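Student: I have a chain open in the viewer. Can we go through the reasoning behind its labels?

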Amino acid sequence: MARRGRSDYLAQSLLLYQGEASEYAAGGVRMASAALMATELLFRDDAYLRTATAGVVAAGDGGVLLDRTIFYPLGGGQPGDTGCLVRENGARIAVADTRKGADPGTVAHILAAGSVLPAPGERLTLELDWDRRYRLMRLHTALHVMSCVVVAPVTGGNIAPDKARLDFDIDMNLLNAERIEQGTNELIGRGIATETVWITDAELEARPELVRTMSVQPPRGAGRVRLLNIPGIDLQPCGGTHVANTAEIGGIRVLRIRSEGRKNRRVEIALA
Ligand SMILES: [Zn+2]
């Protein structure tokens, strides 16, 4: 989906609500300025929320913006969530995808073409496609564990509901599917609780040993960084959703290892 500017939302909202009661017209204008407000990201504090209520901030071609959401937007190799927005009359609006909104910090819930749009101010019940999301959480966390087993710079990665991959800058003959599988599953089987850690740029400066233990260098300048810590296994900046304990992954199997270009070696896994 092409990124849409704020003016697109503004135009869309004015187009949608012009000619309606002045209450709605005023709402349209308010909605446009409110679209600048960041969406509260409920999944960041609790990745296990399957449902929540939220208010509609704006709705248009660019998607539905809510004041808060449990839907994770595409990013960091993790796909956007799918699910439903349920209206007070029980009507269900399918969410086909979730992306970062045009305004910083906002989340756009992408509807299937031809969907009925909810109105600004309307209260909705959000329902996640939990089976899909939970598989993504398990695979995502498995990649963190695997990045500790394969000791090499990570050059890329991607997660899908049925499989996930990491690309490494490593010599092909150092990669052995059986060893990766066994090593990863051994760590998963330890049943280690994962934790989200927020750290400020200042704390990062004060604790350089923290950065040395990270497998990925944290971005600086944003004020604070969100880290996933799997104690004794992996510590790295990550904004995605993870399982609370490695035991929830169950286990993984290596689907294949192949060369992707001169330096990239791609290791693809699935849940066992
Ligand atoms: Zn992660």
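**Strands, sheet and helices**

Tutor: Start with one bridge: D169 stands opposite N264 in strand 15. Keep in mind that the model is predicted.

Student: What makes strand 10 and strand 15 a pair?

Tutor: Two strands pair if at least two bridges are found between them. Strand 10 (residues 164-169) and strand 15 have six bridges, in the antiparallel sense. So the cut-off of at least two bridges is met.

Student: How do you know that strand 14 and strand 15 pair?

Tutor: By the bridges again. Strand 14 (residues 252-260) and strand 15 (residues 264-271) share eight bridges. The sense is antiparallel. One of the bridges joins V254 to I269 in strand 15.

Student: What lies between strand 14 and strand 15 in their hairpin?

Tutor: Three residues separate the two strands. G261 sits in the turn and has a positive phi of about 90°.

Student: Why do strand 9 and strand 14 stand at the edges?

Tutor: Read the order of the open sheet: 9-10-15-14, four strands with antiparallel pairing. Strand 9 (154-159) and strand 14 each have a single partner strand, so one side of each has no neighbour in the sheet. On average, neighbouring strands of this sheet are turned by 15° against each other, direction ignored.

Student: Which helix lies across strand 14 and strand 15?

Tutor: Helix 5 does, running at about 135° to strand 14.

Student: Why are helix 4 and helix 5 called oblique to each other?

Tutor: Take the angle. The axes of helix 4 (residues 130-149) and helix 5 (residues 177-188) cross at roughly 120° and come within 9 Å. Roughly perpendicular covers 65 to 115 degrees, and roughly antiparallel starts over 145. The crossing angle of roughly 120° fits neither range, and therefore the two helices are oblique. The crossing of helix 4 past helix 5 is right-handed.

Student: Which residues meet where helix 4 and helix 5 touch?

Tutor: From helix 4 come A142, V145, M146, C148 and V149. They meet I180, G183, T184, L187 and I188 of helix 5.

Student: How many residues of each class does that contact have?

Tutor: Eight are nonpolar, two are polar and none is charged. Gly counts as polar here.

Student: And the whole chain: how many helices and strands does the secondary structure come to?

Tutor: Seven helices and 15 strands. Of the 272 residues in the chain, 32% are buried. Take the contacts between residues at least 6 apart in sequence: 62% join residues at least 24 apart.

Conventions. Residues are numbered from 1 along each chain as its sequence is written. This is a predicted model: local features need pLDDT of at least 70, side-chain atom pairs count only at pLDDT 80 or more; totals for chains, interfaces and linings use all residues. A residue is buried if 20 or more other C-beta atoms lie within 10 Å of its own, exposed if 12 or fewer, and partly exposed in between; C-beta atoms are placed from the backbone. Two residues are in contact if their C-beta atoms, placed from the backbone, lie within 7 Å. Axes are lines fitted to C-alpha atoms, for helices over the stretch in contact, and angles run from 0 to 180 degrees between N-to-C directions. Angles under 35 degrees count as roughly parallel, over 145 as roughly antiparallel, 65 to 115 as roughly perpendicular and the rest as oblique. A crossing is left-handed if the near helix is turned anticlockwise from the far one by less than a right angle, and right-handed if clockwise.
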